[in-house]
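Here's a walk through one model, starting from the inside and working outwards. Have the viewer open as you read.

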Amino acid sequence: MSAFSELSPRLSPEEAQMLSPLQLAYVGDSVHALLVRTGLVQKNLLVRDMHRAANEAVSAVSQARELQRILPLLSEAEAAIVRRGRNAHPHHSAPKSASVGEYAGATGLEALLGYLYLTGQTDRLLFLIPYLHAEDESSCLKNNCK
């Protein structure tokens, strides 16, 4: 994934903080989708199966669940980014498949991923990936995500 870090722009934390949380989430949505799809390609699945799995993984419900798994791992600064994203008010409603709370949690996760990517913190992103994609916290502990 060294190419991933080379692609990452290098905004200072102060510059990234000047972006709206919805702008951070916009980038974070793409970062999350790329990470999910990259992981699925490595599993050597049929494209149809990869597409289904990717859609499930990037749903607001799944992202809200992923956020809950990583919250204990976040620094105070990262948690503040999540709160900004969660409290952002998009000009559209949550999808039918997710509650307003799940959609807000998903936006918080995406804002964090966008912030980490834009500030070039790809090592931190790579550290969080196993926690994001773990079936649950106990499977992550069994598989030594740390």
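## The main core

The largest nonpolar core in this predicted model has 23 residues, and Ile 70 and Leu 112 are the ones with the most contacts inside it. Which elements give two or more residues to this core? They are H3, helix H5 (60–70), helix H6 (76–87), helix H7 (100–118) and H8. H7 puts in the largest share, with eight residues.

If you want a spot to zoom in on, try Ile 70. Setting aside residues up to four places away in sequence, Ile 70 touches Leu 109, Leu 112, Leu 128, Tyr 131 and Leu 132. Three of those names come up again in H8, where the buried residues are Thr 122, Leu 125, Leu 128, Ile 129, Tyr 131 and Leu 132.

There's also a second, separate core of five residues. Its members include Val 36, Met 50, Ala 54 and Ala 57.

## The overall fold

Zooming out, the protein chain has nine helices and zero strands, so reading along the sequence just gives α-α-α-α-α-α-α-α-α. Of the 146 residues in the chain, 40% are buried. Take the contacts between residues at least 6 apart in sequence: 71% of them join residues at least 24 apart. The accessible surface comes to about 8,600 Å², and carbon and sulfur atoms account for 56% of that.

Helix H8 (residues 122–133) makes a handy geometry check. At 1.5 Å a residue, its twelve residues should span 16 Å. The C-alpha atoms at its ends are 17 Å apart, which agrees.

## Buried polar side chains

Not everything on the inside is greasy. His 32 sits in helix H3 (residues 21–41). Is His 32 buried or exposed? With a relative accessibility of 0%, His 32 counts as buried. Its side chain makes a polar contact with the side chain of Glu 66, at 2.9 Å. Not counting residues up to four places away in sequence, His 32 touches Ala 57, Val 58, Gln 63, Glu 66, Leu 113 and His 133.

Gln 63, one of the residues that His 32 touches, lies in helix H5. Gln 63 has a relative accessibility of 1%, so this residue counts as buried too. The side chain of Gln 63 has a polar contact with the side chain of Glu 110, at 3.3 Å. Leaving aside neighbours within four places in sequence, Gln 63 is in contact with Asp 29, His 32, Ala 57, Val 58, Ala 106, Leu 109 and Glu 110. Ala 57 also turns up in the second core, while Leu 109 is one of the residues touched by Ile 70.

## Salt bridges

How many salt bridges does the structure hold? There are four. Side chains of opposite charge can pair when their charged atoms come close. One of the pairs is Arg 83 with Glu 76, where the closest N and O atoms are 2.8 Å apart. Arg 83 is partly exposed, with a relative accessible area of 35%, whereas Glu 76 is exposed at 57%. Elsewhere, salt bridges with shared partners link Arg 48, Asp 49 and Arg 52 into one network.

Within that network, Asp 49 meets Arg 48 with an N to O distance of 3.8 Å, and Asp 49 meets Arg 52 at 3.9 Å. With 4 Å as the cut-off, both pairs count as salt bridges. Why is about one helical turn the separation between Asp 49 and Arg 52? The two are three residues apart in helix H4 (residues 47–57). An α-helix has 3.6 residues a turn, so residues three or four places apart point the same way. As for exposure, Asp 49 is partly exposed at 30% relative accessibility, Arg 48 is partly exposed with a relative accessible area of 49%, and Arg 52 counts as exposed at 54%.

## A backbone oddity

One last stop is Asn 44, in the loop between H3 and H4. Most residues other than glycine have a negative phi, and most peptide bonds are trans. The phi of Asn 44 is near 55 degrees, a positive value in a residue other than glycine. At 71% relative accessibility, Asn 44 counts as exposed.

Methods. Residues numbered from 1 in each chain as written. Predicted model: local features only at pLDDT ≥ 70, side-chain atom pairs only at ≥ 80, totals over all residues. Heavy atoms only, no water. Salt bridge = Lys/Arg side-chain N within 4 Å of Asp/Glu carboxyl O. Buried < 20%, exposed > 50% of the residue type's maximum accessible area, 1.4 Å probe, protein only. Helix = DSSP H or I, 4+ residues; strand = E, 2+ residues; numbered from the N terminus. Expected span 1.5 Å × (residues − 1). Polar contact = N/O pair within 3.5 Å; in protein donor to acceptor, adjacent residues only side chain to side chain. Contact = heavy atoms within 4.5 Å. Areas by Shrake-Rupley, 256 points an atom, 1.4 Å probe, with all protein chains shown as cover. Core = buried A, V, L, I, M, F, W, Y, C linked by side-chain atoms within 4.5 Å.
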